[in-house]
Amino acid sequence: MNGDSIPDSDHVLRHVKGRFVQEEDIDGGGFRLREGERELSFNWMEYYRNRTPDEQLELIRKTFPLKLNKKDRFAKLNVGSTKSRVSSEHPEKKVIDFIEDGYQEVPSHCLMTGDPDVYEMLADILLECILEKFPAIP
Amino acid sequence: MSSSQDFTGLEIISKEQTVTPFIRVQVEPDAVGWSSNVFTFQKQGLNTSTVLEEPSSGETQSLTVWFEEGAPGDPRDLSKIAYLDEDFSQIPSQIATGASTKISVLNNEPIMSAVRASGGCMIFKPTLLQNSVYRRISELMELAVEDEIEMSPSSFSDLWSFISARPAVSVPNVFALDNGNFRAVWKNSEGERVALEFQGNKTVGFVIFEYDRSVGKMMRMAGIQGVNRIQAQITAAYADHLLTR
């Protein structure tokens, strides 16, 4: 149900534009709020719980609402370890959560909630939580 | 040698920009030139590391920077960089094509007095760092156009001044943010990083992660600093090594 926390054992994908990708590196700019966003958007992989990770990724690609480009990436994060790392490593001990926010066209949509980060350090800490990167277009 | 080109009022801004022939100008090939990373400065013989040092304060003035592409090894590489006083109405024949932009430079920067003393124009051979950053920015400009983002000339100006003043710095990763600012990142395999968002108007947003071995913890700091003070900020955070590896 929308607003519910996503289980710590689950995973989320963040779409990262090609401007934030240089070779294998992703920049924290890809984890900042986009224009019109009030909270950071992700896609919840285990929304498609009975699928393999590859199938989950493919379903998220298919339903993704923005135009995907060749240089874009999806960055995969584990929910629990990301929450833990942010609260332990951010100097302000920030508390974040990932909550369901699906809708008909994008049922896997979810949000990262938490207090605003004035100097954008949080985005760079999130980079440390990336488990895998996938091309947005296979 | 002479050429006919309109230089007055050129501001750009895209590497596809072409210059419409308009004014007949006289170019004196011996007036300025370059070799290796030391440019020929007819009157005083300064070198790049001297000329591109940063000042501490002062009013700003515009300089036009001309990026000439078409290096022998790769046509996308820079072959020359020309700094032209805004009142300089002639275009040297060596830089007849390419891209230009205006950067805002403090009046008391060594580059300003050097350009003035040289008659309004100086030509450098680009450093490896400048060449790498220029190529990356060219890529980013194309991606920004696709995303309908207008990149900030002021951010570019500050980034370019920063790297030009530090020819020995390692090549950073550079990214184009949604707000039109450029962000340069130096990092290592231990997770340390110096990330500088050039916000324009001589301010820099910084994120620095530096591992303190004495306490076994990653130290993390972020904030906003003036471009003329950001080096001191990096040094105070014990993060200079990230820029020089």
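**Figure 1. Salt bridges join chain A and chain B.** In this predicted model, the interface of chain A and chain B holds ten salt bridges. One to look for pairs the side chain of R183(B) with that of D124(A), at 3.0 Å from N to O. On the chain A side, the elements that give two or more residues to the surface touching chain B are β2 (21-22), α2 and α3. The largest share of that side comes from α3(A), which supplies four residues. Polar contacts can be traced here too: 15 residue pairs are counted between the two chains, both partners having pLDDT 80 or more.

**Figure 2. The two chains meet over a shared contact surface.** How many residues does each chain bring to the contact? Chain A provides 26 residues and chain B provides 30. Together the two chains bury about 2,200 Å², with 45% of that area on carbon and sulfur atoms. Within chain A, the residues that lose the most area to chain B are R19(A), Q22(A) and Y119(A), and together they make up 32% of what that side buries.

**Figure 3. Y119(A) belongs to a nonpolar surface patch with residues from both chains.** Y119(A) can be found in the loop between β7 (109-113) and α3 (121-127) of chain A. Is this residue buried, partly exposed or exposed? Y119(A) counts as partly exposed because its relative accessibility is 42%. On the surface, Y119(A) joins V118(A) and I224(B) in a nonpolar patch, and the three have about 320 Å² of accessible area together. Y119(A) is also one of the residues of chain A that lose the most area to chain B.

**Figure 4. H90(A) sits buried in a loop of chain A.** Follow chain A from α2 (79-89) towards β6 (97-100), and H90(A) appears in the loop between them. H90(A) has a relative accessible area of 3%, so it counts as buried. Which side chain makes a polar contact with the side chain of H90(A)? The partner is D117(A), at 2.9 Å. Leaving aside neighbours within four places in sequence, the residues in contact with H90(A) are R85(A), D117(A), M121(A), L122(A) and I125(A).

**Figure 5. Chain B combines helices and strands.** This chain has six helices and 13 strands. Of its 245 residues, 53% count as buried. Among the contacts in chain B with a separation of 6 or more, 62% are between residues 24 or more positions apart. Chain B exposes about 11,000 Å², and carbon and sulfur atoms supply 50% of this area.

**Figure 6. Helix α2 of chain B has several buried residues.** This helix covers residues 110-117, and its buried members are I111(B), M112(B), A114(B), V115(B) and A117(B). A helix of the α type has 3.6 residues a turn, so residues three or four places apart point the same way. Just after α2(B) comes G119(B), with a positive phi of about 90°.

**Figure 7. Two residues in one loop of chain B have a positive phi.** The loop between β11 (193-200) and β12 (203-212) of chain B holds N201(B), and K202(B) is found there as well. N201(B) is not a glycine, yet its phi is positive, about 55°. K202(B) is not a glycine either, and its positive phi is about 65°. Which of the two labels, buried or exposed, fits N201(B)? With 67% relative accessibility, N201(B) counts as exposed. K202(B), in turn, is buried, with a relative accessible area of 18%, because the cut-off for buried is under 20%.

How values were computed: Residues are numbered from 1 along each chain as its sequence is written. Chains are lettered from A and ligands numbered from 1 in the order in which they are written. This is a predicted model: local features need pLDDT of at least 70, side-chain atom pairs count only at pLDDT 80 or more; totals for chains, interfaces and linings use all residues. Side-chain values use heavy atoms; hydrogens and water are left out. Buried means under 20% relative accessible area, exposed over 50%, partly exposed in between (1.4 Å probe, protein chains only). A polar contact is a pair of N or O atoms within 3.5 Å; within protein, one must be able to donate a hydrogen and the other to accept it, and residues adjacent in sequence count only if both atoms are side-chain atoms. Contact means heavy atoms within 4.5 Å. Patches are made of residues with over 30% relative accessible area and no salt bridge: like charges are joined within 9 Å, nonpolar side chains (Val, Leu, Ile, Met, Phe, Trp, Tyr) within 5 Å. Accessible areas come from the Shrake-Rupley method with a 1.4 Å probe; for residues, only the protein chains shown count as cover. A salt bridge is a side-chain nitrogen of Lys or Arg within 4 Å of a carboxyl oxygen of Asp or Glu. Buried area is the accessible area (1.4 Å probe) that two parts lose on being put together, summed over both.
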